[in-house]
Amino acid sequence: MRTPAWTEPAAVAGTGAAKTRAASFRAAARRSGARPAAVGLPLLGLLIALAVWWLVTTGLELVHPASLPPPQDVWAALAETADVLLPALGVTTSMTLLGFLLSTVAGVLIGMALAASRRVERMFAPLLVAVNAVPKIALGPLLVVSVGWGEKPILTMVFLLCFFPIVLSTATGLTTTPADLAELARSLNASWWQAFRKVRFPAALPQIFVGLKVAMPLAAIGAVIGEFYSDKPGLGYQILQYNGVGDTATAWAAIVLIALMSIVLYAALSLVERLALPWLRATTSAR
């Protein structure tokens, strides 16, 4: 028996509403399933890494403990020297964050200058590449002579390692504005500042965050290298001290803390990206 014509729109509407509810349920299920995976999968990877570490150092004894102590020795050393390493972790974290913030401000401004003028880009881009190509660890002793002891060599080392990816990503983002958005700004007679603030800079933010996420681990590396040539009692300083007396387990405990610090800072930056760019995941990928 054929369905009356007057019932067809209602049936279609009901079907559409049912599909919408089903899609929302599936999306909610994916989100609820993604939350445990976001914690469980990294923990699983950490457990696998620890198992491989134990197998190499203890199970199969492929590496001498003087070169790479087993994880249980590193944990024991960390527990024994926590009163020294945890304050050192605070020093290294503060230096990493401060240097990263300085690099972000300077890198974004330099990238904006390169994107604003092709002549400026041609004048200074080779110099930036040359500075970035210099081995930073070779500059350590020179920084002590140039800027002295304390925080200055650490912040300088962080800046030298971090600024180039931020400059490059900012300049790339500002010079690759989608053509339809640029045309829309022109059609609305937007001024340069209005087009920059409403179109170009927001469109460049995904690229800028790519540079920031590349620079964040480099900031930790720069802070540790800077502490090698500084009197600040951070983790880099502690690595030199404990390694100098042959306590490699404690030195590796400091290295593990540096790795954990980098993971936390990177995760925090990724969270900032999600909050600042809520539309990015919906418009770029289904992941």
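A nonpolar core, as the term is used here, is a set of buried Ala, Val, Leu, Ile, Met, Phe, Trp, Tyr and Cys residues joined through side-chain atoms within 4.5 Å. In this predicted model, the largest such core has 42 residues. Those with the most contacts inside this core are Leu 85, Phe 100, Ile 208, Leu 212, Leu 235, Leu 257 and Leu 269. Helices α2 (71–80), α3 (82–116), α6, α8, α9 and α10 each put in at least two residues, and α8 has the largest share, with 12 residues. In soluble globular proteins, nonpolar side chains tend to be buried together.

Leu 85 gives a feel for how this core is put together. Setting aside neighbours within four places in sequence, Leu 85 is in contact with Leu 78, Leu 235, Gln 238, Tyr 242, Thr 250, Ala 253, Ala 254 and Leu 257. Two of the partners just named, Leu 235 and Leu 257, are also listed among the residues with the most contacts inside the core. Apart from the largest core lies another one, of six residues, including Leu 128, Phe 163, Phe 164 and Val 167.

Now for the overall layout. The protein is built with 11 helices and zero strands, so to speak an α-only pattern when read along the sequence. Of its 287 residues, 34% count as buried. Among contacts with a separation of 6 or more, 74% are between residues 24 or more positions apart.

Helix α6 (residues 151–174) is a good place to look at such contacts up close. Thr 170, found in α6, has a relative accessible area of 0% and is therefore buried. Beyond residues up to four places away in sequence, Thr 170 touches Gly 107, Val 108, Gly 111, Met 112 and Ile 208. Ile 208 also turns up among the residues with the most contacts inside the largest core. Gly 173, in the same helix α6, counts as buried because its relative accessibility is 2%, under the 20% cut-off. With neighbours within four places left out, Gly 173 is in contact with Ala 204 and Gln 207. The C-alpha atoms of Gly 173 and Gln 207 are separated by 5.2 Å, although the two residues are 34 apart along the chain.

Helix α6 also carries some of the aromatic story. Four aromatic pairs are counted in total. Phe 163 and Phe 164 make an edge-to-face pair, with 6.4 Å from centre to centre and 80° between the planes. Phe 163 and Phe 164 are both buried, and ring pairs link them with Phe 159 into a cluster. Another pair joins Phe 196 and Phe 201: their ring centres are 5.7 Å apart and their planes sit at 40°, so this pair is tilted. Phe 196 is buried, at 8% relative accessibility, whereas Phe 201 is partly exposed, at 26%.

Phe 164 shows up again in the second largest pocket, which holds about 170 Å³ of space. Its lining is made by Leu 114, Ala 115, Glu 121, Ala 125, Leu 128, Val 129, Phe 164, Val 167, Leu 168, Ala 171, Thr 172 and Thr 175. Helices α3, α4 (118–133) and α6 each give two or more residues to this lining, and α6 gives the most, with five residues. Leu 128, Phe 164 and Val 167, all in the lining, are also members of the six-residue core.

Finally, the charged side chains. The whole structure has two salt bridges. In one, the side chains of Lys 232 and Glu 151 meet at 3.7 Å, N to O. This pair links distant parts of the chain, 81 residues apart: Lys 232 is in the loop between α8 (192–228) and α9 (235–244), and Glu 151 is in helix α6. Lys 232 is partly exposed, with a relative accessible area of 23%, and Glu 151 is partly exposed too, at 36%.

In the other salt bridge, the side chains of Glu 273 and Lys 213 meet at 2.9 Å, N to O. Glu 273 lies in helix α10 (residues 248–276) and Lys 213 in helix α8, so the pair ties together parts that are 60 residues apart in sequence. Buried or partly exposed, which is Glu 273? With a relative accessible area of 11%, Glu 273 is buried.

Technical notes
Residues numbered from 1 in each chain as written. Predicted model: local features only at pLDDT ≥ 70, side-chain atom pairs only at ≥ 80, totals over all residues. Heavy atoms only, no water. Helix = DSSP H or I, 4+ residues; strand = E, 2+ residues; numbered from the N terminus. Buried < 20%, exposed > 50% of the residue type's maximum accessible area, 1.4 Å probe, protein only. Contact = heavy atoms within 4.5 Å. Salt bridge = Lys/Arg side-chain N within 4 Å of Asp/Glu carboxyl O. Phe/Tyr/Trp six-rings, centres within 6.5 Å; stacked < 30°, edge-to-face > 60°. 1 Å grid on protein atoms, 1.4 Å probe; cavity = no way out; pocket = protein on both sides within 12 Å on 5 of 7 lines; lining within 4 Å. Points joined across faces, edges and corners; volume = space filled by probe spheres on them.
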